[in-house]
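Reader: I have a model on my screen and want to learn how to read it. Where should I begin?

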Amino acid sequence: MKKTALITGVSGQDGAYLANLLLKKNYKVIGSDRRSSRSSLWRLKRLGIEKKVILEELELSELYDIKRLLQKYKFDEIYNLGAQSFVKSSFNSPLYTSNVTGTSVLKLLETIREVDPKIKFYQASSSEMYGKVSEKIQNEDTNFNPQSPYAIAKVFGHFTTQLYRESYNIFAVSGILFNHESPLRGEEFVTRKITLGLVKILKGDLNCLELGNIYAKRDWGYAKEYVEAIWKMLQQKKPRDFVISTGKTYSVKQFINETLRFLKIDAKWVGKGLNERLINRENRRTIIKINPKFFRPAEVDILIGDSSKADKFLKWKSKTKLKELVKIMIESELNNYI
Ligand code: NAP
Ligand code: GDD
(Lines give C-alpha, C1' and ligand atoms only; values in the text may rest on other atoms or scores of the structure.)
(Ligands and ions follow the chains in the order given, each with its own letter.)
Protein backbone atom coordinates (compact mmCIF):
# COMPACT_ATOMS: atom_id res chain seq x y z
CA MET A 1 0.00 0.00 0.00
CA LYS A 2 1.33 3.43 -0.96
CA LYS A 3 1.85 5.54 2.16
CA THR A 4 0.73 9.15 2.37
CA ALA A 5 2.94 11.62 4.22
CA LEU A 6 2.64 15.28 5.11
CA ILE A 7 5.80 17.37 5.29
CA THR A 8 5.32 20.78 6.86
CA GLY A 9 7.98 23.24 5.72
CA VAL A 10 8.52 21.43 2.42
CA SER A 11 10.04 24.59 0.91
CA GLY A 12 12.93 24.46 3.40
CA GLN A 13 16.25 22.62 3.22
CA ASP A 14 15.19 19.45 5.05
CA GLY A 15 11.69 19.52 3.56
CA ALA A 16 13.12 19.32 0.04
CA TYR A 17 15.55 16.47 0.82
CA LEU A 18 12.93 14.52 2.76
CA ALA A 19 10.32 14.94 -0.01
CA ASN A 20 12.87 13.58 -2.48
CA LEU A 21 13.60 10.59 -0.24
CA LEU A 22 9.92 9.76 0.34
CA LEU A 23 9.13 10.03 -3.38
CA LYS A 24 11.92 7.55 -4.08
CA LYS A 25 10.29 5.26 -1.53
CA ASN A 26 7.02 5.55 -3.47
CA TYR A 27 5.13 7.70 -0.95
CA LYS A 28 2.39 10.09 -1.91
CA VAL A 29 3.93 13.32 -0.62
CA ILE A 30 1.82 16.26 0.47
CA GLY A 31 4.02 19.25 1.17
CA SER A 32 2.67 22.24 2.97
CA ASP A 33 3.89 25.73 2.28
CA ARG A 34 2.73 29.26 2.83
CA ARG A 35 1.10 31.15 0.00
CA SER A 36 3.75 33.84 0.49
CA SER A 37 6.55 31.40 -0.29
CA ARG A 38 5.26 30.09 -3.63
CA SER A 39 8.16 31.93 -5.24
CA SER A 40 10.68 30.17 -3.03
CA LEU A 41 10.22 26.60 -4.24
CA TRP A 42 13.73 26.73 -5.71
CA ARG A 43 14.90 23.78 -3.62
CA LEU A 44 12.20 21.45 -4.97
CA LYS A 45 13.02 22.71 -8.46
CA ARG A 46 16.75 22.09 -7.91
CA LEU A 47 15.93 18.47 -7.01
CA GLY A 48 13.52 18.19 -9.97
CA ILE A 49 10.53 17.26 -7.81
CA GLU A 50 8.38 20.41 -7.77
CA LYS A 51 5.69 18.71 -9.87
CA LYS A 52 5.75 15.46 -7.88
CA VAL A 53 4.94 16.98 -4.50
CA ILE A 54 1.29 17.91 -3.91
CA LEU A 55 1.39 21.41 -2.43
CA GLU A 56 -1.15 22.48 0.14
CA GLU A 57 -1.30 25.85 1.81
CA LEU A 58 -0.72 25.76 5.57
CA GLU A 59 0.05 28.51 8.02
CA LEU A 60 1.36 26.63 11.06
CA SER A 61 -0.01 29.14 13.55
CA GLU A 62 -3.58 28.57 12.26
CA LEU A 63 -5.33 25.71 14.04
CA TYR A 64 -8.12 25.68 11.44
CA ASP A 65 -5.62 25.37 8.59
CA ILE A 66 -4.16 22.30 10.34
CA LYS A 67 -7.57 20.75 10.95
CA ARG A 68 -8.68 21.31 7.36
CA LEU A 69 -5.58 19.59 6.01
CA LEU A 70 -5.74 16.60 8.36
CA GLN A 71 -9.38 16.07 7.46
CA LYS A 72 -8.71 16.31 3.72
CA TYR A 73 -6.15 13.46 3.52
CA LYS A 74 -5.66 10.15 5.31
CA PHE A 75 -2.07 10.59 6.44
CA ASP A 76 0.11 7.71 7.61
CA GLU A 77 2.99 9.97 8.67
CA ILE A 78 3.44 13.65 9.47
CA TYR A 79 6.90 15.23 9.50
CA ASN A 80 6.77 18.60 11.24
CA LEU A 81 9.72 20.50 9.77
CA GLY A 82 8.05 23.90 9.44
CA ALA A 83 9.38 26.54 11.83
CA GLN A 84 10.76 30.02 12.19
CA SER A 85 14.16 28.36 12.25
CA PHE A 86 16.63 31.25 12.32
CA VAL A 87 17.92 31.66 15.88
CA LYS A 88 18.99 35.31 15.45
CA SER A 89 15.51 36.36 14.22
CA SER A 90 13.87 34.70 17.21
CA PHE A 91 15.34 37.45 19.44
CA ASN A 92 13.55 40.07 17.33
CA SER A 93 10.30 38.09 16.99
CA PRO A 94 10.02 35.99 20.18
CA LEU A 95 6.21 35.81 20.27
CA TYR A 96 5.94 34.92 16.61
CA THR A 97 8.64 32.27 17.04
CA SER A 98 7.02 30.74 20.10
CA ASN A 99 3.78 30.51 18.16
CA VAL A 100 5.09 29.08 14.87
CA THR A 101 7.98 26.99 16.21
CA GLY A 102 6.48 26.01 19.58
CA THR A 103 2.70 26.12 19.96
CA SER A 104 2.06 24.79 16.46
CA VAL A 105 3.39 21.41 17.66
CA LEU A 106 0.59 21.28 20.22
CA LYS A 107 -1.94 22.23 17.53
CA LEU A 108 -0.71 19.43 15.28
CA LEU A 109 -0.71 16.79 18.02
CA GLU A 110 -4.10 17.81 19.39
CA THR A 111 -5.52 17.58 15.85
CA ILE A 112 -3.92 14.15 15.34
CA ARG A 113 -5.53 13.01 18.61
CA GLU A 114 -8.90 14.24 17.43
CA VAL A 115 -8.80 13.22 13.76
CA ASP A 116 -6.69 10.03 13.64
CA PRO A 117 -4.43 8.97 16.55
CA LYS A 118 -2.85 6.29 14.32
CA ILE A 119 -0.90 8.92 12.39
CA LYS A 120 2.83 8.74 13.14
CA PHE A 121 4.34 12.12 14.01
CA TYR A 122 7.91 13.41 13.73
CA GLN A 123 8.97 16.61 15.50
CA ALA A 124 12.08 18.49 14.33
CA SER A 125 13.77 19.09 17.68
CA SER A 126 17.14 20.81 17.84
CA SER A 127 20.55 20.70 19.48
CA GLU A 128 19.95 24.39 20.25
CA MET A 129 17.83 23.09 23.15
CA TYR A 130 21.09 22.15 24.97
CA GLY A 131 22.15 25.80 24.85
CA LYS A 132 24.75 26.46 27.52
CA VAL A 133 25.66 22.82 27.67
CA SER A 134 25.64 20.91 30.95
CA GLU A 135 27.67 18.00 29.53
CA LYS A 136 30.64 18.08 27.19
CA ILE A 137 28.99 15.69 24.74
CA GLN A 138 25.22 15.79 24.47
CA ASN A 139 22.92 12.78 24.16
CA GLU A 140 19.18 12.06 24.61
CA ASP A 141 19.50 12.30 28.43
CA THR A 142 21.41 15.60 28.61
CA ASN A 143 19.51 18.45 30.27
CA PHE A 144 18.28 21.34 28.16
CA ASN A 145 19.47 24.88 28.89
CA PRO A 146 18.05 26.95 26.01
CA GLN A 147 19.61 30.32 25.14
CA SER A 148 17.15 31.82 22.65
CA PRO A 149 13.40 32.21 22.11
CA TYR A 150 13.85 29.72 19.26
CA ALA A 151 15.39 27.10 21.54
CA ILE A 152 12.71 27.64 24.20
CA ALA A 153 10.02 27.11 21.56
CA LYS A 154 11.76 23.89 20.47
CA VAL A 155 11.90 22.66 24.10
CA PHE A 156 8.14 23.24 24.28
CA GLY A 157 7.62 21.23 21.09
CA HIS A 158 9.92 18.50 22.35
CA PHE A 159 8.15 17.97 25.68
CA THR A 160 4.73 18.28 24.05
CA THR A 161 5.68 15.47 21.65
CA GLN A 162 6.83 13.32 24.59
CA LEU A 163 3.63 14.08 26.50
CA TYR A 164 1.35 13.03 23.64
CA ARG A 165 3.34 9.83 23.18
CA GLU A 166 3.15 8.92 26.85
CA SER A 167 -0.39 10.14 27.61
CA TYR A 168 -2.28 9.19 24.47
CA ASN A 169 -0.18 6.40 23.02
CA ILE A 170 0.44 8.34 19.82
CA PHE A 171 3.53 7.30 17.80
CA ALA A 172 5.14 10.71 18.26
CA VAL A 173 8.93 11.12 18.25
CA SER A 174 11.53 13.87 18.23
CA GLY A 175 14.81 13.90 16.37
CA ILE A 176 17.30 16.10 18.18
CA LEU A 177 19.26 17.11 15.12
CA PHE A 178 22.56 18.94 15.34
CA ASN A 179 23.38 21.53 12.67
CA HIS A 180 23.18 20.11 9.17
CA GLU A 181 24.10 21.95 6.04
CA SER A 182 24.01 21.53 2.27
CA PRO A 183 23.81 23.47 -0.97
CA LEU A 184 20.11 23.91 -0.13
CA ARG A 185 20.84 25.71 3.16
CA GLY A 186 19.27 29.18 3.53
CA GLU A 187 21.70 32.02 2.78
CA GLU A 188 21.29 33.56 6.25
CA PHE A 189 22.86 30.56 8.05
CA VAL A 190 26.58 30.89 8.61
CA THR A 191 27.94 28.02 6.46
CA ARG A 192 26.02 29.08 3.36
CA LYS A 193 26.78 32.74 4.07
CA ILE A 194 30.48 31.81 4.00
CA THR A 195 30.46 29.56 0.90
CA LEU A 196 28.32 31.99 -1.13
CA GLY A 197 30.13 35.07 0.24
CA LEU A 198 33.60 33.78 -0.62
CA VAL A 199 32.50 32.70 -4.11
CA LYS A 200 31.04 36.20 -4.64
CA ILE A 201 34.37 37.71 -3.56
CA LEU A 202 36.22 35.41 -5.96
CA LYS A 203 33.91 36.51 -8.80
CA GLY A 204 34.38 40.19 -7.93
CA ASP A 205 30.75 40.69 -6.88
CA LEU A 206 31.46 41.38 -3.19
CA ASN A 207 34.33 43.22 -1.50
CA CYS A 208 34.08 42.01 2.06
CA LEU A 209 32.02 39.49 4.04
CA GLU A 210 30.86 40.54 7.52
CA LEU A 211 30.37 37.95 10.24
CA GLY A 212 29.63 37.73 13.97
CA ASN A 213 31.14 35.29 16.49
CA ILE A 214 33.62 33.21 14.48
CA TYR A 215 34.66 31.25 17.60
CA ALA A 216 31.28 29.53 18.05
CA LYS A 217 31.65 25.76 17.51
CA ARG A 218 29.10 23.49 15.90
CA ASP A 219 28.67 19.81 15.10
CA TRP A 220 28.03 20.15 11.35
CA GLY A 221 26.64 17.27 9.28
CA TYR A 222 25.19 16.84 5.79
CA ALA A 223 21.43 17.43 5.54
CA LYS A 224 20.86 14.84 2.81
CA GLU A 225 22.02 12.10 5.20
CA TYR A 226 20.08 13.48 8.15
CA VAL A 227 16.68 13.11 6.48
CA GLU A 228 17.33 9.36 6.18
CA ALA A 229 17.55 9.21 9.97
CA ILE A 230 14.32 11.20 10.22
CA TRP A 231 12.50 8.69 8.01
CA LYS A 232 13.95 5.73 9.91
CA MET A 233 12.62 7.09 13.22
CA LEU A 234 9.04 6.69 11.99
CA GLN A 235 9.68 3.14 10.71
CA GLN A 236 10.64 1.76 14.16
CA LYS A 237 8.41 -0.62 16.13
CA LYS A 238 8.72 1.50 19.24
CA PRO A 239 8.59 5.31 19.29
CA ARG A 240 11.85 6.76 20.62
CA ASP A 241 13.70 10.09 20.46
CA PHE A 242 17.14 10.22 18.85
CA VAL A 243 20.15 12.52 18.70
CA ILE A 244 21.49 12.88 15.14
CA SER A 245 25.00 14.29 14.88
CA THR A 246 28.56 13.68 13.65
CA GLY A 247 30.31 13.70 17.04
CA LYS A 248 32.86 16.28 15.81
CA THR A 249 32.89 20.01 16.43
CA TYR A 250 34.49 22.87 14.47
CA SER A 251 34.53 26.64 14.88
CA VAL A 252 33.08 29.02 12.31
CA LYS A 253 36.69 30.13 11.71
CA GLN A 254 37.72 26.54 10.92
CA PHE A 255 34.82 26.30 8.47
CA ILE A 256 36.08 29.49 6.80
CA ASN A 257 39.63 28.11 6.61
CA GLU A 258 38.41 24.90 4.95
CA THR A 259 36.46 26.96 2.41
CA LEU A 260 39.52 29.12 1.67
CA ARG A 261 41.61 26.00 1.10
CA PHE A 262 39.07 24.57 -1.28
CA LEU A 263 38.75 27.83 -3.23
CA LYS A 264 42.57 28.22 -3.23
CA ILE A 265 42.33 31.71 -1.73
CA ASP A 266 45.65 32.62 -0.09
CA ALA A 267 44.71 34.72 2.95
CA LYS A 268 45.83 35.44 6.52
CA TRP A 269 44.06 36.36 9.76
CA VAL A 270 45.23 39.52 11.54
CA GLY A 271 44.03 41.45 14.61
CA LYS A 272 41.99 40.43 17.60
CA GLY A 273 38.39 40.69 18.84
CA LEU A 274 36.30 43.17 16.87
CA ASN A 275 39.40 44.07 14.83
CA GLU A 276 40.08 40.56 13.63
CA ARG A 277 40.10 40.41 9.81
CA LEU A 278 41.02 38.14 6.97
CA ILE A 279 43.35 39.64 4.37
CA ASN A 280 43.81 38.34 0.84
CA ARG A 281 47.59 38.02 0.47
CA GLU A 282 47.44 38.58 -3.29
CA ASN A 283 45.87 42.04 -3.28
CA ARG A 284 46.10 42.99 0.45
CA ARG A 285 42.32 43.51 0.59
CA THR A 286 40.25 42.69 3.70
CA ILE A 287 37.82 40.00 2.65
CA ILE A 288 36.27 39.10 6.03
CA LYS A 289 35.68 41.36 9.00
CA ILE A 290 33.68 41.22 12.23
CA ASN A 291 30.44 43.17 12.58
CA PRO A 292 28.83 43.11 16.07
CA LYS A 293 25.44 43.37 14.31
CA PHE A 294 25.73 39.61 13.78
CA PHE A 295 26.33 38.82 17.48
CA ARG A 296 23.41 37.35 19.42
CA PRO A 297 22.13 38.60 22.80
CA ALA A 298 22.94 35.09 24.12
CA GLU A 299 25.21 32.64 22.33
CA VAL A 300 25.54 28.87 22.22
CA ASP A 301 29.33 28.46 22.34
CA ILE A 302 29.79 24.80 21.52
CA LEU A 303 27.77 21.73 20.58
CA ILE A 304 28.88 18.11 20.11
CA GLY A 305 26.39 15.29 19.78
CA ASP A 306 26.57 11.61 20.64
CA SER A 307 24.38 9.69 18.21
CA SER A 308 25.27 6.17 19.36
CA LYS A 309 21.60 5.44 20.15
CA ALA A 310 20.77 6.15 16.49
CA ASP A 311 23.60 3.85 15.46
CA LYS A 312 22.20 1.08 17.68
CA PHE A 313 18.49 1.30 16.84
CA LEU A 314 18.36 3.00 13.44
CA LYS A 315 21.64 1.65 12.06
CA TRP A 316 22.37 5.26 11.17
CA LYS A 317 25.77 6.96 11.27
CA SER A 318 26.91 10.24 9.79
CA LYS A 319 29.31 9.67 6.88
CA THR A 320 30.20 13.05 5.41
CA LYS A 321 33.17 14.79 7.07
CA LEU A 322 33.45 18.57 7.24
CA LYS A 323 35.98 18.73 4.37
CA GLU A 324 33.60 16.81 2.07
CA LEU A 325 30.67 18.96 3.16
CA VAL A 326 32.58 22.12 2.23
CA LYS A 327 33.48 20.54 -1.13
CA ILE A 328 29.83 19.65 -1.85
CA MET A 329 28.68 23.16 -0.93
CA ILE A 330 31.37 24.99 -2.88
CA GLU A 331 30.98 22.85 -6.02
CA SER A 332 27.26 23.56 -6.02
CA GLU A 333 27.91 27.27 -5.35
CA LEU A 334 30.20 27.45 -8.41
CA ASN A 335 27.85 25.40 -10.64
CA ASN A 336 24.79 27.45 -9.79
CA TYR A 337 26.38 30.88 -9.62
CA ILE A 338 24.58 33.47 -11.77
P1 NAP B 1 14.35 26.00 6.87
O2 NAP B 1 15.13 25.76 5.62
O3 NAP B 1 14.43 27.35 7.52
O4 NAP B 1 12.83 25.67 6.54
C5 NAP B 1 11.80 26.04 7.42
C6 NAP B 1 10.47 25.79 6.75
O7 NAP B 1 9.42 26.22 7.62
C8 NAP B 1 10.28 26.56 5.44
O9 NAP B 1 9.65 25.72 4.51
C10 NAP B 1 9.35 27.69 5.84
O11 NAP B 1 8.55 28.16 4.79
C12 NAP B 1 8.49 26.99 6.88
N13 NAP B 1 7.78 27.95 7.72
C14 NAP B 1 8.29 29.01 8.37
N15 NAP B 1 7.32 29.67 9.01
C16 NAP B 1 6.17 29.02 8.76
C17 NAP B 1 4.81 29.24 9.13
N18 NAP B 1 4.45 30.27 9.89
N19 NAP B 1 3.86 28.38 8.68
C20 NAP B 1 4.22 27.34 7.88
N21 NAP B 1 5.49 27.08 7.50
C22 NAP B 1 6.46 27.92 7.93
O23 NAP B 1 14.72 24.93 7.98
P24 NAP B 1 15.50 23.53 7.84
O25 NAP B 1 16.95 23.79 8.01
O26 NAP B 1 14.99 22.80 6.66
O27 NAP B 1 15.04 22.81 9.18
C28 NAP B 1 13.84 22.03 9.22
C29 NAP B 1 13.36 21.93 10.65
O30 NAP B 1 14.38 21.32 11.46
C31 NAP B 1 13.05 23.26 11.33
O32 NAP B 1 11.98 23.04 12.21
C33 NAP B 1 14.32 23.57 12.12
O34 NAP B 1 14.01 24.40 13.22
C35 NAP B 1 14.74 22.18 12.53
N36 NAP B 1 16.17 21.98 12.74
C37 NAP B 1 17.05 22.30 11.76
C38 NAP B 1 18.40 22.06 11.94
C39 NAP B 1 19.41 22.42 10.87
O40 NAP B 1 20.60 22.44 11.18
N41 NAP B 1 19.01 22.64 9.65
C42 NAP B 1 18.85 21.43 13.12
C43 NAP B 1 17.90 21.09 14.09
C44 NAP B 1 16.57 21.34 13.88
P45 NAP B 1 8.90 29.49 3.92
O46 NAP B 1 9.66 28.97 2.75
O47 NAP B 1 7.57 30.03 3.61
O48 NAP B 1 9.70 30.41 4.81
N1 GDD C 1 23.87 33.15 10.85
C2 GDD C 1 25.05 33.64 11.21
N3 GDD C 1 25.54 34.71 10.54
N4 GDD C 1 25.73 33.05 12.21
C5 GDD C 1 26.94 33.53 12.52
C6 GDD C 1 27.51 34.62 11.86
C7 GDD C 1 26.77 35.25 10.83
O8 GDD C 1 27.19 36.22 10.23
N9 GDD C 1 28.74 34.85 12.39
C10 GDD C 1 28.93 33.95 13.33
N11 GDD C 1 27.84 33.14 13.43
C12 GDD C 1 27.67 32.06 14.42
C13 GDD C 1 26.37 32.17 15.22
O14 GDD C 1 26.51 33.13 16.26
C15 GDD C 1 26.24 30.73 15.71
O16 GDD C 1 27.00 30.55 16.87
C17 GDD C 1 26.87 29.90 14.59
O18 GDD C 1 27.57 30.82 13.75
C19 GDD C 1 25.86 29.14 13.75
O20 GDD C 1 24.84 30.02 13.36
P21 GDD C 1 23.70 29.60 12.31
O22 GDD C 1 24.33 29.08 11.07
O23 GDD C 1 22.77 30.75 12.18
O24 GDD C 1 23.02 28.34 12.99
P25 GDD C 1 22.52 28.09 14.50
O26 GDD C 1 23.50 27.11 15.12
O27 GDD C 1 22.25 29.34 15.21
O28 GDD C 1 21.13 27.37 14.25
C29 GDD C 1 20.99 26.33 13.26
O30 GDD C 1 21.22 25.07 13.86
C31 GDD C 1 20.29 24.69 14.88
C32 GDD C 1 20.71 23.32 15.40
O33 GDD C 1 21.69 23.46 16.39
C34 GDD C 1 19.57 26.45 12.69
O35 GDD C 1 19.44 25.58 11.60
C36 GDD C 1 18.52 26.07 13.73
O37 GDD C 1 17.23 26.03 13.12
C38 GDD C 1 18.88 24.67 14.28
O39 GDD C 1 17.96 24.29 15.25
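**Reading the ligand shells**

Author: Begin with the elements that line ligand 1. In this predicted model, α1 (13–24), α5 (94–115), β5 (120–126) and α6 (149–168) each supply at least two residues of its shell.

Reader: Which element gives the largest share of the shell around ligand 1?

Author: That is β5, with 3 residues.

Reader: Which residues come nearest to ligand 1?

Author: The shell counts residues with a heavy atom within 4 Å. There are 27 residues around ligand 1, and Ser 11, Asp 14, Arg 34, Ser 85 and Tyr 150 come nearest. By class, the shell holds 10 nonpolar, 12 polar and 5 charged residues.

Reader: What lies at short range from the oxygen and nitrogen atoms of ligand 1?

Author: Look for pairs of N or O atoms within 3.5 Å. Two pairs use the backbone. An N or O atom of the Gly 12 backbone is 3.0 Å from a ligand 1 oxygen. For His 180, a backbone N or O atom is 2.9 Å from an oxygen of ligand 1. Glu 59 uses its side chain: a polar atom there lies 2.8 Å from a nitrogen of ligand 1. Now take the cover. Ligand 1 on its own has 900 Å² of accessible area, and the protein covers 90% of it.

Reader: Now ligand 2. Which residues come nearest?

Author: Of 23 residues around ligand 2, these are Ser 126, Ser 127, Tyr 150, Arg 296 and Glu 299. The shell divides into 10 nonpolar, 6 polar and 7 charged residues.

Reader: Which side chains lie at short range from an oxygen of ligand 2?

Author: Tyr 150 has a side-chain N or O atom 2.5 Å from a ligand 2 oxygen. Asn 179 has one at 2.7 Å. The backbone takes part too: an N or O atom of Val 190 lies 2.8 Å from an oxygen of ligand 2. The protein buries 95% of the 710 Å² that ligand 2 exposes when taken alone.

Reader: Why does ligand 2 lie between two domains?

Author: Check who gives residues to the shell. Domain 1 (4–182 + 220–248 + 304–319) and domain 2 (190–216 + 251–300 + 331–336) both do, so ligand 2 lies between them.

Reader: Let me try a single residue. Is Thr 142 buried or exposed?

Author: Buried means under 20% relative accessible area. Thr 142 has 4%, so Thr 142 is buried. Thr 142 sits in the loop between β5 and α6.

Reader: What does the side chain of Thr 142 reach?

Author: It makes a polar contact with the Glu 135 side chain at 3.1 Å. The Thr 142 side chain also reaches the backbone nitrogen of Asn 139, at 2.8 Å.

Note on methods. Residues numbered from 1 in each chain as written. Chains lettered and ligands numbered in written order. Predicted model: local features only at pLDDT ≥ 70, side-chain atom pairs only at ≥ 80, totals over all residues. Heavy atoms only, no water. Polar contact = N/O pair within 3.5 Å; in protein donor to acceptor, adjacent residues only side chain to side chain. Areas by Shrake-Rupley, 256 points an atom, 1.4 Å probe, with all protein chains shown as cover. Helix = DSSP H or I, 4+ residues; strand = E, 2+ residues; numbered from the N terminus. Nonpolar A, V, L, I, M, F, W, Y, C, P; charged D, E, K, R; others polar. Domains from an automatic or database assignment. Buried < 20%, exposed > 50% of the residue type's maximum accessible area, 1.4 Å probe, protein only.
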